[in-house]
Amino acid sequence: MRLRIRSSDGFLFAGAALLMVAALLLPGYELFGVGSGDLLASHLLLELAAVVVTMMVVIVAFFSLEEERSPLANSLILVFTLVAGIDLAHALSYPGMPPFLGTPNDMSKAAFFWMFGRAAEVLGFTLALCRVRLPGGRWPWFLLGIAGSGLVAWLGGRHLAMFPPLFLPGVGVTAFKAASDYALCAGFLLLAWRLWRKASNRGDDEMAELARASYVLGIGELAFTGYASAGEWQAVLGHVYKVFAYIFVFRAIFLSAMRRPYQHLHAAQRQLELKEQQYRTLVDNLPIIVMRLDLGLRLRLASPLIETSLGGTFEEMRGRPIGEILPSGVAAVVMPALESALRGQAAEVDYVFASPTQGQLHRHLMATPERAGDGQVQHVLVIIQDTSARERAQQALQESMRETRELKAALDAHAIVAVTDRRGVIVQVNNKFCEISQYAREELVGRTHAVVNSGFHPKAFFTEMWATIARGEVWNGELCNRAKDGSLYWVQTTIMPLLGADGRPVRYIAIRADITRRKLAEQEAQQLAFYDVLTGLPNRRLMNDRLAQVIGHCRREQQYGALVLIDLDHFKEVNDTLGHAQGDALLRLVADRLRAAVRGSDTVARLGGDEFVLLLEDLGSTLEDATAHAADLGEKIRSMLAPVYVLDGQPVVCTPSLGIVMLRGDLPLDAEELLKRADLALYKAKDEGRNELRFFDPALQEEVNHRTAVLRDLRAALEEGQLRLYYQPIIDASRRVVGVEGLLRWQHPVRGLLSPGLFMPLAEQSPLIVPIGHWVLDTACAQLAAWAGDPVRADWTVAVNVSARQLRMPEFVGGVEAALARSGAPPQRLRLEITESLLQEDLDDSIAKMQALRELGVRFSLDDFGTGYSSLNFLKRLPLDQFKIDQSFVQGLPDVVGDVAIIRMILALSAPLELLVVAEGVETEAQFEFLRAHGCHKFQGYLFGRPMPAEALPGPLLAG
């Protein structure tokens, strides 16, 4: 709080200043004659008044200030004891008074004591402003004040000559005296300003009184700056100012010593009354009855609620024995508890009470002994609480618990119940759960529902379920679980989350009903509606639905699919010769073979009779690739259905005919139209001799026929030994043969010797590439073994190409090892050539296989370098020994600037990678000389020899 300036303060500040200014402006006037009795009497009276006031300040500070402010009291005692003694010396040294301390009195002597007294006051106000607290007891500081005043008196009485003169007779105050008075005035006014600011900021009345006193002393000091005679009225006015200032000091001390403790006492009493009123309000508003009984168990005090309870006034009940106040039935119940409290032991009792105003009530009484200071029981404190609501709640709770037990019993009898924590760990199951799952309760509690997970539902199913219940929502659905014996059962499930205080689930209750019979019935009905009874395959109805799904999938994924219509050749003869039962058996065997022939994403359906349908997905993003893939699958199916069937011990041959329609997303045809087109293709297959595969699209038929014929002939070529391995020399810079590359040729019985460009692209798109690769590897290894004893060719290497299908096969490494072992060929002379495209998928697996073979001694070469997208990091990781520059870069040498730059870059790259470089397609001497001059290591091309049989290869050195 801030201290505000009162109107009286304004009058004081302005009036004191104006009065002193007026006095200084008026000419000096002797109010009393110098040395006259009136002057001495008036001066002595004013000084004695000042001394009395200062001593009152000392006395009050000595005896009345509270203990916590005693250090401040020491400051007051020291300063004002000193001021009282100095002011008394000043009064006794005035001219006209008897000699003081044996020396004559004069104005200079009196002025000396005046100056010291005011300086002591400046010290006192400074200590008060700075809140300096002098330590120790009061007496030492009081005695120190007396000693200090005695010292000043001795100096002024005996050694005044030591100090500058302050007053000259006939002249008045000296310049030094006037300057000192001005300094004292400034000091008092500065202290008054600082004291007032502190008082205003802290709301301190005592500090404000000290500020007023300092201000009055400062203004009063101006009266002594220019007087010429001790009797002038300005000097008398200055003494009056001092007396008033001392009165303000006394007011400050009185506030601290007298008024403030009274104010504190008054405030404490008010606070005590307020607390008592609050306690009374609290007790009066408590929903309990509080009573105090004396040793005779007579009622002395009670809360107002007793009147409402018993229907009488407290005044009527005061002083009466409690046994007479309470109804007789209640008294008989509670009296033992009250008597127990009289004996010093607390007691409690419940009873039923019929109130005349509130009806039947349930009460709980507590009786506690209230002891005096000596420990003896002085009163009995009784607290009576109405427990009617609690009793009703207890009864309702018991009724609710009974209903819950009944509901639980009913639920356990008809439902499967499990309780889990928030993590899904089972904490409780009922008997029905144990019965249907075939697990004991001990086997279920502490585990999750994974113990009964059948694997029927996908992971996304449970992810959605957990997301729902984790949000605090109820989940409903059907679940297929697996019992302990492996059997499946279906349950209709409701999972309800139990939420905690934070709104998050803390437990889950799952209530299930066994719907296994219903699901089996539904599955049976679905089987009859959508599946063929004889083979278990989807029927025409389900096939139509799956066909729509396949077309939609093709549209979304921008992929081609196919519809394959299959008809068994001469099936009617089987029925006619062996009977319908064997015909049905044949259809079941065909269905089994078809299931084994297709992928998991494909659909096999039976339309009726001996007609089957295949729906194939994801055959390729272009029509050409998809058609080739469909043809491969069709041939695979044809080959799987062609082998002999054994029916009732008799071999039966029943080949298929296939008609294929390609599917794409923008095909605006229904299932019937697509089946008609497939039927037309099937008719063409039967018309051309049966056991054939035909496409509906006439434009593709010729290509498919050609491809099918080539692959069929190539399969025969592999079986009949029509394949040949030719070798092209690889030379070093000195034209010495250091190795050969094995290149495949086909000795066709009709078309003659065929280069690989005519049949290898088709072979690489079919599974035939794997056995062809095995044949090439075996042939190359056998040739290496044959050359091992030839001193001319023993050091030659043989390089063969590896297809993507070969490298992807898990048994690739084992196959190479087996070929080397069968032939006895030295592994370090075998070089496997791979292309960059082979390594674009699953690079780590490819590197691992290459590294395993490298440990055996087999070396690797990167073919067609520069035509792919090799990076330096790619080359650094591969366990290569050399790479071959593609012939497309060699053809332009040495004239084409771009080819020259590329060749130089490749050759420069080989050195830091520590790889040998082989240039393919070298056909001119200029190309050879350029490559040799720029550091190429090996060369291959028509300049040095075309691919030829092994027996036609030249000697170790080619002519230059």
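These legends walk through close-up views of a predicted model. Residue numbers start from 1 along each chain as its sequence is written. In this predicted model, local features need pLDDT of at least 70 and side-chain atom pairs count only at pLDDT 80 or more, while totals for chains, interfaces and linings use all residues; side-chain values use heavy atoms, leaving out hydrogens and water.

**View 1. The whole protein, with 32 helices and 28 strands.** Helices (H or I, at least four residues) and strands (E, at least two) are DSSP runs, numbered from the N terminus. Of the 960 residues, 47% are buried; buried means under 20% relative accessible area, exposed over 50%, and partly exposed in between (1.4 Å probe, protein chains only). The accessible surface comes to about 47400 Å², and carbon and sulfur atoms hold 58% of that. Areas here come from the Shrake-Rupley method with a 1.4 Å probe, and for residues only the protein chains shown count as cover.

**View 2. Helix α5, residues 138–158.** Take a ruler to this one: at 1.5 Å a residue, its 21 residues should span 30 Å, and the end C-alpha atoms are 30 Å apart, which agrees. The expected span is 1.5 Å times one less than the number of residues. Among the buried residues of α5 are Trp141, Phe142, Val152 and Leu155.

**View 3. Strand β21 (residues 737–748) and its partners.** Because 11 of its 12 residues are buried, β21 is largely enclosed by the rest of the structure. Strands pair if DSSP finds at least two bridges between them. Strand β20 (residues 723–732) runs antiparallel to β21, joined by 9 bridges, and Gln728 stands opposite Glu741. The two form a hairpin with 4 residues between them, where Arg735 in the turn has a positive phi of about 65 degrees. Strand β22 (residues 752–754) also pairs with β21 in the antiparallel sense, over 3 bridges, with Trp746 partnered by Leu754. With β23, the pairing of β21 is parallel over 3 bridges, and Glu741 stands opposite Ala799.

**View 4. Strand β24 (residues 830–835), mostly covered.** Here 5 of the 6 residues are buried. Strand β23 (residues 797–801) pairs with β24 in the parallel sense over 4 bridges, and Val800 stands opposite Leu832. Strand β25 (residues 859–865) pairs with β24 in the parallel sense too, over 5 bridges; the bridge partner of Thr835 is Asp863.

**View 5. A salt bridge between Glu833 and Lys884.** The closest N and O atoms of this pair are 2.9 Å apart. Glu833 lies in strand β24 and Lys884 in strand β26 (residues 882–885), so the pair ties together parts that are 51 residues apart in sequence. Glu833 is buried, with a relative accessible area of 1%, and Lys884 is buried at 0%. A salt bridge is a side-chain nitrogen of Lys or Arg within 4 Å of a carboxyl oxygen of Asp or Glu, and the whole structure holds 37 salt bridges.

**View 6. A nonpolar surface patch of Val474, Met496, Leu498 and Val506.** Together these residues offer about 290 Å² of accessible area. Patch members have over 30% relative accessible area and no salt bridge; like charges are joined within 9 Å, and nonpolar side chains (Val, Leu, Ile, Met, Phe, Trp, Tyr) within 5 Å. Val506 sits in strand β12 (residues 505–514) and counts as partly exposed at 33% relative accessibility.
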